[in-house]
Amino acid sequence: MKAPTPRCIIIRHGQTEWSKSGQYTGLTDLPLTPYGVGQMKRTGESIFQNNKFIDPSHITYVCTSPRTRARETVDLVLSSLSEEQKKHIRIVVDDDLREWEYGDYEGLLTHEIVKLRKSRGLDQDKPWNIWRDGCENGESTQEIGLRLSRVIA
């Protein structure tokens, strides 16, 4: 019998108060909202029960950030599986999977960041772009890329 093709499935954490409001959330460790809990339960049911998209016996690793919202998400997505199905799945908590460190922009909304940057004399020639301009006192895209390269390796 041919072995299954390896896959990497990425699931973003469920809703938090800050993801709901649009605030930049990196280091702040927020739990899921009740709606976010429901999102992730339904995601797990959809993947494993309703559509049978993934055979749980083929899951080797689940990798997650150490943030509460991410770890809750893992627990909720896997909650529709039996203990027998879960026992061979290795949960790997990896700090390199943490969200972007937004520095001075943590907890702010985009329009607040734009206003802050303008007050600091930035973005005179073109509007702020997080991918190009990054976050003051936060991580650059290059630093995030290095973290993710370590995860992949």
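This passage describes the cores, the aromatic pairs and a surface patch of a predicted model.

The largest nonpolar core has 13 residues. Within this core, Phe48, Ile59, Val62, Leu78 and Ile89 touch the most other members. Two elements each give two or more residues to the core: helix H2 (34–50) and helix H3 (68–78). The largest share, 4 residues, comes from H3. Apart from this core lies another, of 9 residues. Its members include Trp100, Tyr102, Ile113 and Trp128.

Helix H3 has a number of buried residues. They are Arg69, Ala70, Thr73, Val74, Leu76, Val77 and Leu78. Several elements help to cover the buried residues of H3, including H2, strand S1 (61–64), helix H4 (83–86) and strand S2 (90–93). Leucine 78 can be followed in detail. Residues up to four places away in sequence are not counted here; beyond them, leucine 78 touches Phe48, Val62, Lys86, Ile89 and Ile91.

Threonine 16 is found in the segment before H1. The relative accessible area of threonine 16 is 0%, so this residue is buried. Neighbours within four places in sequence are again left aside. Threonine 16 is then in contact with Leu30, Pro31, Leu32, Thr33 and Arg69.

Aromatic rings were examined next. A pair of aromatic rings is described by the distance of the centres and the angle of the planes. The count comes to 5 aromatic pairs. One of the pairs joins tyrosine 24 and tyrosine 102 in an edge-to-face arrangement. The centres are 5.0 Å apart, and the angle between the planes is 80°. This pair links distant parts of the chain, 78 residues apart. Tyrosine 24 is in the loop between H1 and H2, whereas tyrosine 102 is in the loop between S2 and helix H5 (110–119). Both tyrosines, 24 and 102, are buried.

Tyrosine 102 also pairs with tryptophan 100, and this pair is stacked. Here the distance is 5.9 Å centre to centre, with 10° between the planes. Tryptophan 100 has a relative accessible area of 8% and is therefore buried. Tyrosine 102 counts as buried because its relative accessibility is 9%. One aromatic cluster is formed by Tyr24, Trp100, Tyr102, Tyr105, Trp128 and Trp131.

The surface was considered last. Ile9, Ile11 and Phe53 form a nonpolar patch there. Together, these residues have about 260 Å² of accessible area. Isoleucine 11 lies in the segment before helix H1 (17–21). Its relative accessibility is 35%, so isoleucine 11 counts as partly exposed.

Technical notes. Residues numbered from 1 in each chain as written. Predicted model: local features only at pLDDT ≥ 70, side-chain atom pairs only at ≥ 80, totals over all residues. Heavy atoms only, no water. Patch = residues over 30% accessible without salt bridge, like charges linked within 9 Å, V, L, I, M, F, W, Y side chains within 5 Å. Areas by Shrake-Rupley, 256 points an atom, 1.4 Å probe, with all protein chains shown as cover. Salt bridge = Lys/Arg side-chain N within 4 Å of Asp/Glu carboxyl O. Buried < 20%, exposed > 50% of the residue type's maximum accessible area, 1.4 Å probe, protein only. Contact = heavy atoms within 4.5 Å. Core = buried A, V, L, I, M, F, W, Y, C linked by side-chain atoms within 4.5 Å. Phe/Tyr/Trp six-rings, centres within 6.5 Å; stacked < 30°, edge-to-face > 60°.
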